[in-house]
Amino acid sequence: MSKKYIMSGQFTPENCALILIDHQVGTLQFVHTMSPETSLRNAITLAKAATAYGMPVVMTTSQEDHAQGPTAPALQAALPDAYKNRVKRTGIVNAWADPNFSAAVLATGRKKLIMAAVTTDICLVFPAISAVQEGFDVLAVLDASGSGFDVQEHLARRRMASAGVVLTTTNTAVAELVQDWSTPQGTELVPLIMASEPNTPGYVG
């Protein structure tokens with residue numbers, strides 16, 4: 001990436017890792033503040049952006065053999081290596097409190113994290129805040145997540161913002177990584193952005 005495009009503090013493919021938490025077929029059913037399908041599609045868009053740039057990806061799941069179920073098959077297919085190496089938690093709510101998960105994040109060597117989790121109010125809020133407290137910069141992608149009720153979503157967002165987590169959306173996060181749509185990665189990713197915008201060909205929202 002040309003240096004002229006990089007702003008101070010910007011999340012770039014060279015300085016950040018993608019963290020995906022608990023996008024499991026059962027847990028997706030807890031999302032009602034947006035459609036679970038849209039949330040999952042946005043997580044897959046983030047996955048494809050990370051793949052395009054060869055970024056480190058850490059995935060984690062919780063209690064796959066319980067109601068939460070396995071990772072959504074489409075996300076498994078988008079990130080086969082990260083899925084194979086996912087951190088399987090036994091029920092720890094705050095993923096950061098699982099030493100295997102936090103060790104996997106530390107092993108990426110990146111201090112900026114683009115983080116999305118299936119539920120904002122449980123799966124995202126706690127590890128996002130914990131990571132900030134450990135000295136990481138965290139970009140929380142809110143439309144690759146959701147909550148059961150609006151009040152849960154609202155309060156989780158407020159709590160994260162107050163703790164120093166930067167709140168964003170999928171398209172903004174991808175655009176921040178790309179910076180120039182004429183690059184090979186930009187050319188590859190722009191159709192995903194176009195498909196998620198209302199009143200554009202291919203919009204499926």
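How many of the 6 residues of strand 2 are buried? Select residues 57-62 to find out: the answer is 5, so count this strand as mostly covered. As you explore, keep in mind that you are looking at a predicted model.

**Stop 1: the strands beside strand 2**

Now add residues 16-21, which form strand 1. Strands 1 and 2 pair in the parallel sense, over 4 bridges. To see one pairing, click on Leu-18, whose bridge partner in strand 2 is Val-57. Next, follow the chain from strand 1 through helix 1 to strand 2, and you have traced a right-handed β-α-β crossover.

Strand 2 also pairs with strand 3, residues 87-89. Here too the sense is parallel, with 3 bridges. Look for Ser-62, which stands opposite Arg-89 of strand 3.

**Stop 2: a buried glutamine**

Move on to Gln-68, in the loop between strand 2 and helix 2. Is Gln-68 buried or exposed? Its relative accessible area is 19%, and since buried means under 20%, Gln-68 counts as buried. Show the residues around Gln-68: leaving out those up to four places away in sequence, it touches Gln-24, Val-25, Gly-26, Thr-27, Ser-62 and Gln-63. You have already met Ser-62, opposite Arg-89.

**Stop 3: the two sides of helix 6**

Select residues 150-163 to light up helix 6. This helix has 14 residues and reaches 20 Å from its first C-alpha to its last, close to the 20 Å expected. Colour Glu-153, Ala-156 and Met-160, which are buried. Seen down the helix axis, the buried residues fall within an arc of 70°, so they line one face. An α-helix has 3.6 residues a turn, so residues three or four places apart point the same way.

What do the buried residues of helix 6 pack against? Show helix 5 (120-133), strand 5 (137-141) and strand 6 (166-168), and you have the partners. Then turn to the face away from the buried side, where Asp-150, Val-151, Arg-158 and Ser-162 are exposed. Just after the helix comes Gly-164, with a positive phi of about 100°.

**Stop 4: the nonpolar core**

Finish with the largest nonpolar core, which has 60 residues. Among the members that touch the most others are Ile-19, Phe-101, Leu-113 and Met-160. Helix 1, residues 36-53, gives the largest share of this core, 8 residues. Zoom in on Met-160: beyond its neighbours within four places in sequence, its contacts include Leu-124, Ile-129, Ala-140 and Leu-167. In soluble globular proteins, nonpolar side chains tend to be buried together.

Notes. Residues are numbered from 1 along each chain as its sequence is written. This is a predicted model: local features need pLDDT of at least 70, side-chain atom pairs count only at pLDDT 80 or more; totals for chains, interfaces and linings use all residues. Side-chain values use heavy atoms; hydrogens and water are left out. A nonpolar core is a set of buried Ala, Val, Leu, Ile, Met, Phe, Trp, Tyr and Cys residues joined through side-chain atoms within 4.5 Å. Buried means under 20% relative accessible area, exposed over 50%, partly exposed in between (1.4 Å probe, protein chains only). Contact means heavy atoms within 4.5 Å. Two strands pair if DSSP finds at least two bridges between them. A crossover is right-handed if, with the strands pointing away from the viewer, the path from the first strand over the helix to the second runs clockwise. The expected span of a helix is 1.5 Å times one less than its number of residues. The arc is that of the directions from the helix axis to the C-beta atoms.
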